[in-house]
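Please walk me through this structure, beginning with its main pocket and going on to a helix and some individual residues that repay a careful look.

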Amino acid sequence: MRIVDRPSPNHNERPGGRAPDMLVLHYTGMQSAAGALDRLCDPAAQVSAHYTVDEDGTVYAHVPEERRAWHAGVAYWQGETDVNGRSVGIEIVNPGHEFGYRPFPAMQMTAVAALSGAIVSRYGIRPLGVVGHSDVAPERKTDPGELFDWRMLAAAGVGYWPGAGAVRERIEAADAADLQALGRNLGRIGYRWPDAPDKSKAEEQARTAVVAAFQRHFRPASVTGAADPETAALAAVVAAAA
């Protein structure tokens with residue numbers, strides 16, 4: 001893994017000097033790697049990440065891990081809204097859904113796994129503390145998206161991927177109780193679930209966005225936003241690991 005220094009001025013102190021307990025993965029969502037690197041290092045942009053991983057596996061280091069980089073924006077995970085303050089952020093070069101979303105090359109994923117593994121080991125980050133930008137900001141973001149190989153990353157010891165046997169058994173035994181518990185289980189995993197009895201269009205859209213974010217991470221083959229029995233069973237399995 002080749003690491004190149006490309007410092008960004010866009011960072012500040014972590015609150016209380018806390019150590020990170022989350023890792024947030026993004027795609028750059030820009031037309032070129034050069035454009036993304038320029039933006040992450042532009043003081044006028046007011047955005048940054050700790051690292052960027054290019055498609056050839058080159059890693060660019062922008063912000064020291066002990067500092068708070070500005071990558072997550074308005075976000076939420078496991079009851080906390082200052083996701084930047086508690087996380088390390090990695091940008092992964094990919095044009096994203098706007099500019100021609102495509103699979104992540106093997107060399108890039110290998111570098112992401114190596115870099116992420118070192119970070120997770122360094123700070124003792126728990127598996128469900130490894131998330132995508134869409135997990136912490138489901139109404140705003142879709143990255144790193146349904147083509148990102150979360151299963152491979154979990155096999156490398158980074159993050160969580162449910163065992164196929166456990167999921168199959170839960171799906172086969174799925175009943176109305178799992179559907180009723182879906183929101184509670186998504187909340188246990190870390191998502192902000194709007195649990196007020198508000199039936200407004202905004203609340204329904206928020207729930208759909210959370211379900212889609214969960215599917216994008218854990219059921220990428222079918223991202224519908226619908227609270228179906230398979231999604232409910234899968235959420236129950238993942239919540240049990242929380």
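In sorting residues by class, Ala, Val, Leu, Ile, Met, Phe, Trp, Tyr, Cys and Pro are taken as nonpolar, Asp, Glu, Lys and Arg as charged, and the others, Gly among them, as polar. On that basis, the lining of the largest pocket in this predicted model has 7 nonpolar, 9 polar and 5 charged residues. The space in this pocket comes to about 440 Å³, and of the 21 residues that line it, Tyr27, Thr28, Glu91, His133 and Lys141 are the closest to its centre. Two elements, β3 (22–27) and α1 (33–40), each supply at least two residues of this lining, and α1 gives the most, with 3 residues.

The helix α11 covers residues 229–240, and its 12 residues reach 17 Å from the first C-alpha to the last, which is close to the 16 Å expected at 1.5 Å a residue. This helix is mostly covered, with 9 of its 12 residues buried; the buried residues are Thr231, Ala232, Ala233, Leu234, Ala235, Ala236, Val237, Val238 and Ala239. At the N-terminal end of α11, Asp228 acts as a cap, with a side-chain oxygen 3.2 Å from the backbone nitrogen of Glu230.

The capping residue Asp228 also has a partner in the loop between α10 (201–218) and α11, where Arg219 lies. The side chain of Arg219 makes a polar contact with the side chain of Asp228 at 3.0 Å, and another polar contact, at 3.3 Å, joins the side chain of Arg219 to that of Thr231. Although Arg219 carries a charged side chain by the classes above, it counts as buried because its relative accessibility is 10%, and buried means under 20%. Leaving aside neighbours within four places in sequence, Arg219 is in contact with Phe214, Thr224, Asp228, Glu230, Thr231 and Leu234.

Towards the start of the chain, is Ser8 buried or exposed? Ser8, found in the loop between β1 (3–5) and β2 (11–13), counts as buried because its relative accessibility is 4%. A polar atom of the Ser8 side chain lies 2.7 Å from the backbone oxygen of Leu40, and, apart from neighbours within four places in sequence, Ser8 is in contact with Leu40, Cys41, Val47, Ser48, His62 and Val63. Met1, by contrast, sits in the segment before β1 and counts as exposed, because its relative accessibility is 54%. Met1 nevertheless has contacts beyond four places in sequence, with Val59, Ala111, Ala114 and Leu115; Met1 and Ala114 are 113 residues apart in sequence, and their C-alpha atoms are 7.5 Å apart in space.

Some points of backbone geometry remain. The peptide bond from Asp143 to Pro144 is cis, with omega near 5 degrees, and Pro144 lies in the loop between α5 (133–136) and α6 (150–155). Gln46, which is not a glycine, has a positive phi of about 60 degrees; its place is in the loop between α1 and β4 (51–53), and Gln46 counts as partly exposed because its relative accessibility is 47%. Gln78, also not a glycine, has a positive phi of about 50 degrees and lies in the loop between β6 (67–69) and α2 (83–86), where Gln78 is partly exposed, with a relative accessible area of 39%.

Methods. Residues are numbered from 1 along each chain as its sequence is written. This is a predicted model: local features need pLDDT of at least 70, side-chain atom pairs count only at pLDDT 80 or more; totals for chains, interfaces and linings use all residues. Side-chain values use heavy atoms; hydrogens and water are left out. On a 1 Å grid over the protein atoms alone, a cavity is a set of points where a 1.4 Å probe fits but cannot get out, and a pocket is an open set with protein on both sides within 12 Å along at least five of seven lines; lining residues have an atom within 4 Å of a point. Grid points are joined across faces, edges and corners, and a volume is the space filled by probe spheres set on the points. Helices (H or I, at least four residues) and strands (E, at least two) are DSSP runs, numbered from the N terminus. The expected span of a helix is 1.5 Å times one less than its number of residues. Buried means under 20% relative accessible area, exposed over 50%, partly exposed in between (1.4 Å probe, protein chains only). A polar contact is a pair of N or O atoms within 3.5 Å; within protein, one must be able to donate a hydrogen and the other to accept it, and residues adjacent in sequence count only if both atoms are side-chain atoms. Contact means heavy atoms within 4.5 Å.
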